[in-house]
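Good morning, colleagues. I should like to take you through one model this morning, beginning with its interior spaces and then turning to its strands and sheets. Please keep the display in view as I speak.

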Amino acid sequence: MQKLLIAFIILIALCGRAAAAPLDAGAELPYELARPMRVSLNVYDSKGEIVRSLLCGAPRKKGAQREFWDGLDQAGNPVPAGEYSWKLLAMPGRLKTEYLLTAASNYPDPATDPMQELEHYRLVAPGTHGGPIAVAADESGVFIGASCTENIENYLVKISPDGSRRLWSKMQRVPWKGAVALAKSGDRLLVLSANNEIWPYAAEDGKDLPPIATSLPPADQGKPADKDKPADKDKPADKDKPDDPGRHAAGLAANDREMVLCYPDRGLVRWCDPTDGKLIREVGGLEKPSAVAITPDGTTYALCGTSILRLNQAGAAHATVVSGLGKPTRIAVNKAKGGKTGELLVFDAATNQVLRFGTDGKRLAAFGKQGGRQNGTYDQAAKESFLDVGSVAAAPDGGFLVAEPNTAPRRVARFTADGRFDQEWYGGHVWAPWIAVDPDNPGTVFMPSGWSSIMRLAVDLEKKTWKVRAVYQLDQMADGMLQGQDNAALYRAFRRDGKLYLAKCSSNAQIFRVDDDGDRLTPVTGFHLQARHYEKQLRGPLKEWLEPGEQSYLWTDADGDGRPQRGEVQYSGPGPWNCLPHWDANGMYAVVGKAVQHWPINGVNSAGAPVLGEFPAGKPMLELPSRATKIEPRWASYITADPVNGGWYLAINDSMKDWGHSTDSFLIAYNADGTQRWITPGKTGGTPQSHIAPGEIGCFRRIAGTTHDCVVINDFMEGPWPLTSYVWDRDGLWVGGVMDEIDRKAAPVWRYGAGGESLGTTLVNDPKTGDVLLYWHGLNDLRIGKVTGWEGWDRKSGKVKLAAAAAAKQPMLTEVPPGTGKGLQLEFWDQDHPADKPALVRLTDVNESWGAGRGPDKYRIFQNGRVARVTGEIEAYQTGWHAFSTDIYPPKTTYKIAGVELGRYSYNEVFMEAGKRYPVEILYDAEQTHPTTDQGIRLKWATPRGTWPGAFTPIPVSQLHAPVNRSADE
């Protein structure tokens, strides 16, 4: 027994010595896990700075573990011998987001189609940069067109008559050029586009039909030359002249036989063939005809000045049907079977009302509140009022529809013949909509609709329902002095002394007080740090009061009326240039130069206005590390408070090269006293579409929030795949991303995608349920989910002694010249399964389209019953993580790169070393062919950051090699 005891003591001593003893080169870090876990492990120096992120969510089995640290820092440099510490975070699984609902848009989803699953991401409400401006309707459905998108999302949709189904959707034929007006002609839908041509579609299925030119010749074309004037050889050619806007049509109407176009600056109306655009007749000499309408029998009306004219197509005198209108902008003719055909519908922008007139010019009704919809509660009266209508159209049942593209809410609404509200479709909200959530009530959400308008949404998270509670037009506030949403602006909601405030994060900021009583949103504080430079953007008295030498202003409401008065405005010298601030209950914070400046809120006055101090320069609060060299004001710095230790988190994109592309992105944690706690190590930073491996950073876009002693930051990355984000805990240990896993039972993959640079992503802790709620936007809507996976974590820590500095690590080649490849090997068989001899063997580029409609029949492999195989090797010429993306393909197709199987409709990462080759195998089994696509199998990559940063691009043929035993070449 004594011998066993002595042996046991010796064994314990030896084990203890092994755990503490350093190796000759590097050191081992021992720990034990009670169950299989994902492990993140950092090594720290004596100051608490992160020396090395050794593990980032790496899977480990149950039991004793040992990790080896080679004594190098994150960049591969040896660190000095001495004592270091380590910390470990073990997690039982990944963070997972469960989709709850989409709000702010109620357009019907597209029909489920597994072959087009990711394309559904684009099929949302029409519009972003411009809202739904045009509407038309018939017995088959409602057609809605938006004025401008980036062609990432659809601009034109057709929905069923009751609005429950999406029948078809269309992208713009030219990016940034959307709809101006819509008209139905027989079996065609005609779109007057901002590209100055008619884009016809088959009304039933949306099939593209050939475009029709609408522009007139330039004003001076056809004029006789001045014989006495010598030719000017230096005069620019006609093509270099500024465009003549009078050439382009501004309005469109149609019946089954003709379409009508109006040209205000030329005083001209033309009737044309709706199938080919051939001129039928025209009349001129009109007073700026801004809109037209036509009856089934060809009677044509035009808005000219403040009158409605019935045009005499023979060129004789036109009949004035209505005169004395305020500012008529849109007109339609009631063609309803059940209504009185020929009645006119006119939107008058002077009163913001829809007016109904008889054919004799008698005013029959005025719909909507005179003066238009006002700020506040969005109730029945507000729904039955109008503001800035872009289109009015007759409905088949005798009612009418309107499109409101610019105000809150952007909508298309249908009304009965007597003007009662019937139905509305919200959406097509602005690009990159910000999201601000009441921290005490996550069901209260603010977001923009138009560029100068805000919606307040009421969300029932339990029932997964929502409604528009209130709407606000900024130009109706503060005597019109407020500016709208800047490009990439953010807003924050915070509470101070129990009151809710909404703050614009910009160098021309505003703070609004939110009052539930009457759903009022009252501006109470506003400033501009560079007012002189942006003097042209100032409005009203704020511009008039600015005197020479004054560069900035600060307004604090003193009497609660929400209107600036001279005695409430303080003018000063210049403030910081174009900073991107963060707001909370304690004030505003922004990176200025090499420091974070603070503008404290020194209390709230009797009018409920926060009183801002240290204006205009702010006072230094945090010092930036030397790693921060160049901070771009709009996209480069994001800050939030650490609610646990009273410190701060600061996310930096250093030396931004372009949109979403930084040279170096890193996160800094500060203590409450302003000292630096840690900084994420390593050179990172990249583009939004490049691969981001665990622990790496692409490019920060916003700090979404904090929860469970962690900070959550989202990337610029946008698309139909789950939102890219980064989560670190209090010690800088990697947690993962909030959508490392998604609940596919709750929603398809595309519902988890983000749009508009992921600008609005916001994380909120529900004070009632304890749930972690994630708010993000698609291309123009709001999406809400619940994030789980924060429980069951285990933390460990220890000390380690490095006996000697390690030898410098031999670096891998970072880049080599292009390869000499000629393509991969393609084999295909006509049978369902490969036979002994394929029907074709040839070299191929994996980026060529093997579509059913391209090339001779033997190359048409994208067909039922065809089986194809692509084999060979891909050669890397850069070292690092490569992301591979696949286009749409049949369900049974598989891709493998270096043994890694690429997921369908996704991208996967493979670490490659420059100059080395990696096997590739693609097996295509045409179990089914999608009837609407001509797209073949494609494989693209995003190379490591550096020489070729950017989105997925074709793999050069030079990097593709056929198998060594390739049997044929054709």
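Let me begin with the term cavity: on a 1 Å grid over the protein atoms alone, a cavity is a set of points where a 1.4 Å probe fits but cannot get out, and lining residues have an atom within 4 Å of a point. Grid points are joined across faces, edges and corners, and a volume is the space filled by probe spheres set on the points. What we have here is a predicted model, in which local features need pLDDT of at least 70 and side-chain atom pairs count only at pLDDT 80 or more, while totals for chains, interfaces and linings use all residues. Residues are numbered from 1 along each chain as its sequence is written, and side-chain values use heavy atoms, with hydrogens and water left out.

How many cavities of 30 Å³ or more does a search of the whole structure find? The search finds five. The largest cavity has a volume of about 100 Å³. Its lining consists of 13 residues, and those nearest its centre are Met481, Leu482, Gln510, Leu542 and Tyr553. Strands β39 (520-528) and β40 (552-556) each contribute at least two residues to that lining. Helices (H or I, at least four residues) and strands (E, at least two) are DSSP runs, numbered from the N terminus.

Now the chain as a whole. The protein chain has three helices and 70 strands. Of its 970 residues, 57% count as buried, where buried means under 20% relative accessible area, with a 1.4 Å probe and protein chains only. The exposed surface of the chain comes to about 39800 Å², and carbon and sulfur atoms supply 50% of that area; accessible areas come from the Shrake-Rupley method with a 1.4 Å probe, and for residues only the protein chains shown count as cover. Among contacts between residues at least 6 apart in sequence, 58% join residues at least 24 apart; contact means heavy atoms within 4.5 Å.

Leu89 illustrates such contacts. This residue is found in strand β5 (residues 82-91), and it counts as buried because its relative accessibility is 0%. Not counting residues up to four places away in sequence, Leu89 touches ten residues listed here in full: Arg38, Val39, Ser40, Asp729, Leu733, Trp734, Val735, Trp793, Asp794 and Arg795. Leu89 and Asn42 are 47 residues apart in sequence, with their C-alpha atoms 9.0 Å apart.

Next, strand β7 (residues 130-138). Nine of its nine residues are buried, so β7 is largely enclosed by the rest of the structure. Seven bridges join β7 to the antiparallel strand β8 (residues 141-148); two strands pair if DSSP finds at least two bridges between them. A hairpin of two residues connects β7 to β8, and Asp138 has Gly141 as its bridge partner in β8.

Further along is an open sheet of four strands in the order β11-β12-β13-β14, with antiparallel pairing. Its edge strands, each pairing on one side only, are β11 (179-185) and β14 (212-213). Six bridges link β11 to β12 (residues 188-193), and Lys184 stands opposite Leu189 in β12. Ala203 lies in the loop between β13 (197-202) and β14. Is this residue buried or exposed? Ala203 counts as buried because its relative accessibility is 5%. The C-alpha atoms of Ala203 and Leu189 are separated by 5.2 Å, although the two are 14 residues apart along the chain. Both Lys184 and Leu189 are among the residues that Ala203 touches.

A second open sheet of four strands follows the order β15-β16-β17-β18, again with antiparallel pairing. Here β15 (251-254) and β18 (279-283) are the edge strands. Four bridges join β17 (residues 268-272) to β18, and Arg270 is partnered by Glu282 in β18.

I close with strand β20 (residues 300-304). Five of its five residues are buried, so β20 is largely enclosed by the rest of the structure. Thr300, Ala302 and Cys304 cover one side, and Tyr301 and Leu303 lie on the other. Five bridges join β19 (residues 289-294) to β20 in antiparallel fashion, and the hairpin between them has five residues, including Gly298 with a positive phi of about 100 degrees. Four bridges join β20 to the antiparallel strand β21 (residues 307-310). That hairpin has two residues between its strands, and Gly305 in the turn has a positive phi of about 65 degrees.

Terms used. Buried means under 20% relative accessible area, exposed over 50%, partly exposed in between (1.4 Å probe, protein chains only). On a 1 Å grid over the protein atoms alone, a cavity is a set of points where a 1.4 Å probe fits but cannot get out, and a pocket is an open set with protein on both sides within 12 Å along at least five of seven lines; lining residues have an atom within 4 Å of a point.
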